[in-house]
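Here are my notes on this model, point by point. Please read them with the structure open.

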Amino acid sequence: MSVTVRIPGPLRKITEGADKVQMEGEDLSQLISALEAQFPGMQERLLDDNGELRYFVNLYLNNEDIRFLDGLKTAVKSGDEISIVPAVAGGC
Amino acid sequence: MSHVLSLRCKECSREYPVEALNVCDFCFGPLEVVYDLQAIAKSTSREKIASGPNSLWRYADFLPAEYNPAIDINAGFTPLIRSRGLAERLGLDELWIKNDSVNPSYSFKDRVVAVAAAKALELGFDTIACASTGNLACAVAAVAARSGMKSYVFIPSNLEAGKILGAAIYNPTMVAIDGSYDDVNRLCSEIADSYPWAFVNINVRPFYADGSKTLGYEVAEQLGWRAPDHAVAPSASGAMFTKIYQGLKEFEATGLISHVHTKMHSAQARGCSPIASAYEEGRFVIRPVKPSSLATSLAIGNPADGYYALKVIEASGGSAVIAEENEIADGVKLLAETEGIFTEGAGGVAITGLKHLVETGKIKRDESVVVYITGNGLKTTELVADVVNPVLIEPNVEAFEAAMAARAAK
């Protein structure tokens with residue numbers, strides 16, 4: 001299951017500048033473990049001490065916020081695209 | 001001069017230099033500007049502020065950018081009006097309306113963009129950009145026109161015609177996206193790293209957000225150097241709401257006003273109420289929603305500052321309140337009919353929220369209240385189009401008199 005993961009600016013120090021990486025996994029938890037194996041330090045930036053997605057991190061699977069899907073248990077398939085996006089402000 | 005010390009992560013307190021950065025690269029927490037409040041206290045005074053320009057730059061000591069005439073379209077220092085009709089209707093002795101709908105591009109966004117654009121020029125940018133629910137696009141495009149900067153504004157394609165036109169007239173590069181504001185925001189976050197632009201609500205957001213502090217300063221100054229008992233403001237991301245309170249607290253910390261006891265009340269519409277829902281359920285975790293609201297400028301389903309807005313509510317003893325969708329237009333009309341102020345849906349939400357707060361006893365008759373009206377109704381005329389119902393007559397006196405008689409008989 002090769003999935004494309006888009007890396008935001010603040011995390012590119014860990015990926016040696018890469019803005020996209022290919023990862024293998026059955027679901028998002030596995031993908032994050034795979035990211036950690038290849039880029040140590042990634043997991044603690046994405047997940048809190050309880051293994052939950054950090055409050056200020058948004059993960060999108062093919063443009064859909066994973067909190068509207070199955071969270072970190074959301075299954076992925078080959079060709080999917082994951083975006084890691086910091087929360088940002090706007091509106092009032 | 002600016003009294004900025006650094007940028008600091010609101011979550012893990014890591015310090016960062018004063019650059020175009022908005023996210024902690026360790027925990028992804030938002031960065032905020034840290035000020036030397038002692039130096040500000042020495043530099044500022046009521047007299048100095050009162051003799052300053054009639055714009056938000058009278059509070060320059062408290063802002064993270066130097067005044068720059070190139071970006072100045074005279075944002076801020078909008079009227080604070082003592083309510084008569086609405087106060088009487090709601091049963092309040094001291095109600096004030098902060099009418100920020102009369103800013104140069106007709107919303108409070110002129111404040112945040114003034115600060116963001118001034119900082120962007122300081123940092124060497126020649127282009128400013130934004131993701132917007134409409135009002136921000138108007139403000140960015142207007143300031144870009146004034147300053148000669150290039151501008152890119154990203155909006156949901158289903159915005160009201162008045163908001164699209166209100167931005168397009170300043171000739172920005174406008175990108176309309178087939179999606180919600182949250183989709184627009186995500187896209188902008190993804191591309192912001194790849195373009196050398198000052199995205200006002202992304203990479204220069206810490207400076208941008210602090211423009212909203214002036215909504216706190218101004219109200220305190222206009223009330224005769226005091227804070228109100230209650231403040232009611234609409235919330236989308238929650239940023240403005242938290243910054244109003246920060247503004248009041250900074251005036252307290254620098255000795256310009258005495259004890260701030262203001263209870264902060266956040267108003268949201270039923271169709272997009274992630275902050276108010278969390279408050280009602282006693283959670284500090286925001287659950288994102290898919291917005292479906294007539295108050296389009298509040299339609300942010302994933303509010304980045306929602307957690308901090310809840311903290312402000314808790315710290316101030318305030319609350320969050322929800323306006324039903326079918327009450328929004330009524331709120332707009334009530335303000336117009338009682339005060340002569342025409343606001344957009346967000347203002348209708350604020351007025352309806354205020355009404356509920358009075359009805360439920362959270363605001364009492366003898367307490368002082370400020371309600372923030374942050375956007376102008378002429379951009380969202382679709383919301384209240386049903387008010388147009390003129391008496392149509394032939395051009396002669398008999399026809400007029402007959403029509404008036406018929407009207408009186410109704």
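1. Where is B:Thr44 found? B:Thr44 sits in the loop between α1 (37-43) and α2 (46-50) of chain B. Helices (H or I, at least four residues) and strands (E, at least two) are DSSP runs, numbered from the N terminus. B:Thr44 counts as buried, at 9% relative accessibility. The classes are buried under 20% relative accessible area, exposed over 50%, and partly exposed in between (1.4 Å probe, protein chains only). Not counting residues up to four places away in sequence, B:Thr44 touches B:Ile49, B:Asp61, B:Phe62, B:Thr254 and B:Leu256. Contact here means heavy atoms within 4.5 Å. The C-alpha atoms of B:Thr44 and B:Cys9 are 27 Å apart, with their positions 35 residues apart along the chain.

2. On the basis of the numbers: this is a predicted model, in which local features need pLDDT of at least 70 and side-chain atom pairs count only at pLDDT 80 or more, while totals for chains, interfaces and linings use all residues. Residues are numbered from 1 along each chain as its sequence is written, chains are lettered from A and ligands numbered from 1 in the order in which they are written, and side-chain values use heavy atoms, with hydrogens and water left out.

3. Next, the interface. Chain B puts 45 residues in contact with 30 residues of chain A. Together the two chains bury about 3,000 Å², 58% of it on carbon and sulfur atoms. Buried area is the accessible area (1.4 Å probe) that two parts lose on being put together, summed over both. In chain B, the residues that lose the most area to chain A are B:Phe26, B:Phe28 and B:Arg186, together 24% of what that side buries.

4. Four salt bridges cross between chain B and chain A. The rule asks for a side-chain nitrogen of Lys or Arg within 4 Å of a carboxyl oxygen of Asp or Glu. A:Glu64 and B:Lys290 meet in a salt bridge at 2.6 Å, N to O. A network of salt bridges links A:Arg6, A:Glu81, B:Arg186 and B:Glu190.

5. Now the salt bridges elsewhere. The whole structure has 30 over all chains. B:Arg226 pairs with B:Glu94, the closest N and O atoms being 2.5 Å apart. That pair links distant parts of the chain, 132 residues apart: B:Arg226 is in the loop between α9 and β10 (230-234) of chain B, and B:Glu94 is in strand β5 (residues 94-99). B:Arg226 is partly exposed at 30%, whereas B:Glu94 is buried at 17%. B:Glu252 and B:Lys249 form another salt bridge, at 3.2 Å. Both lie in helix α10 of chain B, three residues apart, about one turn of the helix.

6. How many disulfides does the structure hold? Zero, over all chains. A disulfide needs a pair of cysteine sulfur atoms within 2.5 Å. For B:Cys12, the nearest cysteine sulfur is that of B:Cys24, 3.6 Å away. B:Cys130 is in no bond because the closest cysteine sulfur, in B:Cys188, is 7.6 Å away, too far. B:Cys130 is buried, at 0% relative accessibility.

7. Please look at one lysine too. B:Lys213 lies in the loop between α8 and α9 (214-222) of chain B. B:Lys213 is buried, at 0% relative accessibility. Leaving aside neighbours within four places in sequence, its contacts are B:Tyr35, B:Phe62, B:Lys243, B:Gln246, B:Gly247 and B:Glu250.
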